[in-house]
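Q: Please take a close look at one part of this model and follow its contacts outward. A connected account would be preferred to a list.

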Amino acid sequence: MSIDWQPPIDFSGVWKRSAVDENYDNFLKAQDQGWFVRKAAANAPFTKTLIQDGSDMIDKTSMAGILNLEANYKILENKELADQARENGDVTIEEAMGKQATLVCYYEDNLMVLHRVMELFEGFYKHELKDENTLILHLEIHRDGKVYPSQETFLKQ
């Protein structure tokens, strides 16, 4: 990765979730989330604040002000560099709801991909800027040889 590499897209903004697709419940079940958490996650106001400075990202997520997460990470140029970073232990550690994940972030086909690895599964969170006011989050949980996809739509505030 070159020192002066700049991601091609700036995802900065305050994004409010406007929709989830019909697969969202199964996506959450694949993460061992119980009924109450799944219903709350699907229906509660959800805000994502992204602050991008070159290849550095601050990602703040709030679910109805009850669950607040913040992660700071470097956006790498491609999947190969992200795989190397993971092999070298150069990952971001996240903790939420008693679970820990390692995270790397990279660009692939004009998508910003967050790759989270947890004890029992892997998650891919592919951010697509559909237009300047619409962020599509393509979600995938990979577990036991199966893929559980879903999608969230966010509108810029």
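A: The bridge partner of H127 in strand β9 is L137. The model is a predicted one, in which local features need pLDDT of at least 70 and side-chain atom pairs count only at pLDDT 80 or more, while totals for chains, interfaces and linings use all residues. Residues are numbered from 1 along each chain as its sequence is written, and side-chain values use heavy atoms, with hydrogens and water left out.

The bridge of H127 and L137 belongs to the antiparallel pairing of β8 with β9 (residues 134-143), which has nine bridges. Strands count as paired if DSSP finds at least two bridges between them; strands (E, at least two residues) and helices (H or I, at least four) are DSSP runs numbered from the N terminus. Two residues separate β8 from β9, and the two strands form a hairpin. On the other side in sequence, β8 (residues 122-131) is joined by six bridges to β7 (residues 111-117), again in the antiparallel sense. Here F124 of β8 stands opposite H115. This pair of strands is also a hairpin, with four residues between β7 and β8.

Strand β8 also carries Y125, whose ring is approached by a charged residue and by another ring. R116 lies over the face of Y125, 4.6 Å from the ring centre; a charge sits over a ring if NZ of Lys or CZ of Arg is within 6 Å of the ring centre and within 35 degrees of the ring normal. The ring of Y125 also pairs with that of F27: the centres are 6.3 Å apart and the planes stand at 80 degrees, so the pair is edge-to-face. Rings of Phe, Tyr and Trp (its six-membered ring) pair if their centres lie within 6.5 Å, with planes under 30 degrees apart counted as stacked, over 60 as edge-to-face and the rest as tilted. F27 lies in helix α1 (residues 24-29) and Y125 in β8, so the pair links parts of the chain 98 residues apart. Both F27 and Y125 are buried, that is, under 20% relative accessible area (exposed is over 50%, partly exposed in between; 1.4 Å probe, protein chains only).

S150 leads back to the same helix and to β9. This serine is found in strand β10 (residues 146-156) and is buried, with a relative accessible area of 5%. Its contacts (heavy atoms within 4.5 Å) include Y24, F27, L137 and H138, when residues up to four places away in sequence are not counted. The side chain of S150 reaches the backbone nitrogen of Y24 at 3.3 Å.

The wider setting is a nonpolar core, meaning a set of buried Ala, Val, Leu, Ile, Met, Phe, Trp, Tyr and Cys residues joined through side-chain atoms within 4.5 Å. The largest core has 29 residues, and F11, Y73 and M112 touch the most other members. Among the elements that each supply at least two residues of this core are α1, β7 and β9. Strand β9 gives the most, with four residues. Y73 touches M112 and L114, among others.

How values were computed:
A polar contact is a pair of N or O atoms within 3.5 Å; within protein, one must be able to donate a hydrogen and the other to accept it, and residues adjacent in sequence count only if both atoms are side-chain atoms.
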